[in-house]
Amino acid sequence: MSRIGNNPITVPEGVTVEIKDNLITAKGKLGELTQEYSDIEIKIEDGTITLSRSSDKKEHRAKHGLYRALIANMIEGVSKGWTKELELVGVGYRASNQGQKLDLAIGFSHNIVLSIAPEVKVETISEKGKNPIVKLTSYDKQLVGQVAAKIRSFRKPEPYKGKGIKFVGEEIRRKAGKSA
């Protein structure tokens, strides 16, 4: 039994949801997102969305919870938006941005310049005495996560000193070094 799939989704003020064929569209103040679906029945009544499945086959049970989560993320994205923050830990690690170009100095011979999708807003925060932070904001949760993972992949945190690019609030498993 899907516990996630059975939860109803409440549609907040200012968000419109439309269903055509096998496509669900959510429009809000931040943007518009569409999602294809199959094997699931979607009903919109009085500002709540409910999902039901036709049978208890394994693939139908899996899609029930999946599409409920995707639609809930779409609705929250177009109403509030999604944010990911990355922290650059290391001596001399710097981040700056000019529009949609992110410039990272993370210990390589050359800086890494990354062009970021126009749907994602980039902001770099550099305070004296603190690690630089890259803040990514968008209405599309999947895109924000993908861009954040790409940035993190340039220099993953290492377990001895903790140097690298990590998510804010992420705990890094530390190892003891060599003992003389």
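These legends accompany several close-up views of a predicted model.

**View 1. The largest nonpolar core draws residues from strands and a helix.** Welcome to the inside of the model! This core has 20 residues, and Leu88, Leu104, Ile116, Val134, Leu136 and Ile151 are those that touch the most other members. Five elements each give two or more residues here: the strands E7 (82-89), E9 (101-105), E10 (112-115) and E12 (133-138), together with helix H3 (141-153). Which element gives the most to this core? That is H3, with 5 residues.

**View 2. Ile151 and its contacts.** Here we zoom in on one of the core residues that touch the most other members, Ile151. Once neighbours within four places in sequence are set aside, Ile151 is in contact with Leu86, Leu102, Leu104, Leu114, Ile116, Leu136 and Ile165. Elsewhere, a second core, separate from this one, has 19 residues, including Val11, Ile40, Leu51 and Ile71.

**View 3. Arg152, a buried residue of helix H3.** Is Arg152 buried or exposed? Its relative accessible area is 17%, and because buried means under 20%, Arg152 counts as buried. Who keeps Arg152 company? Apart from residues within four places in sequence, its contacts are Leu86, Pro157, Ile165, Lys166, Phe167 and Glu170. Leu86 may look familiar, as Ile151 is in contact with Leu86 too.

**View 4. Ser79 in helix H2 (residues 58-79).** Ser79 has a relative accessibility of 12%, so this serine counts as buried. Which backbone oxygens lie by a polar atom of its side chain? One belongs to Ile75, at 2.9 Å, and another to Glu76, at 3.2 Å. Not counting residues up to four places away in sequence, Ser79 also touches Pro12, Val15, Lys29 and Leu30.

**View 5. The largest pocket and its lining.** Our last stop is an open space rather than a core. About 210 Å³ of space lies in this pocket. Which residues line the pocket? They are Leu33, Thr34, Gln35, Leu70, Asn73, Met74, Tyr139, Asp140, Lys141 and Gln142. Strand E4 (32-36), H2 and H3 are the elements that each give two or more residues to the lining. By type, the lining divides into 4 nonpolar, 4 polar and 2 charged residues. Helix H3 has now turned up again: it gives 5 residues to the largest nonpolar core, and Arg152 is found in it. Helix H2, for its part, is where Ser79 is found.

Note on methods: Residues numbered from 1 in each chain as written. Predicted model: local features only at pLDDT ≥ 70, side-chain atom pairs only at ≥ 80, totals over all residues. Heavy atoms only, no water. Core = buried A, V, L, I, M, F, W, Y, C linked by side-chain atoms within 4.5 Å. Buried < 20%, exposed > 50% of the residue type's maximum accessible area, 1.4 Å probe, protein only. Helix = DSSP H or I, 4+ residues; strand = E, 2+ residues; numbered from the N terminus. Contact = heavy atoms within 4.5 Å. Polar contact = N/O pair within 3.5 Å; in protein donor to acceptor, adjacent residues only side chain to side chain. 1 Å grid on protein atoms, 1.4 Å probe; cavity = no way out; pocket = protein on both sides within 12 Å on 5 of 7 lines; lining within 4 Å. Points joined across faces, edges and corners; volume = space filled by probe spheres on them. Nonpolar A, V, L, I, M, F, W, Y, C, P; charged D, E, K, R; others polar.
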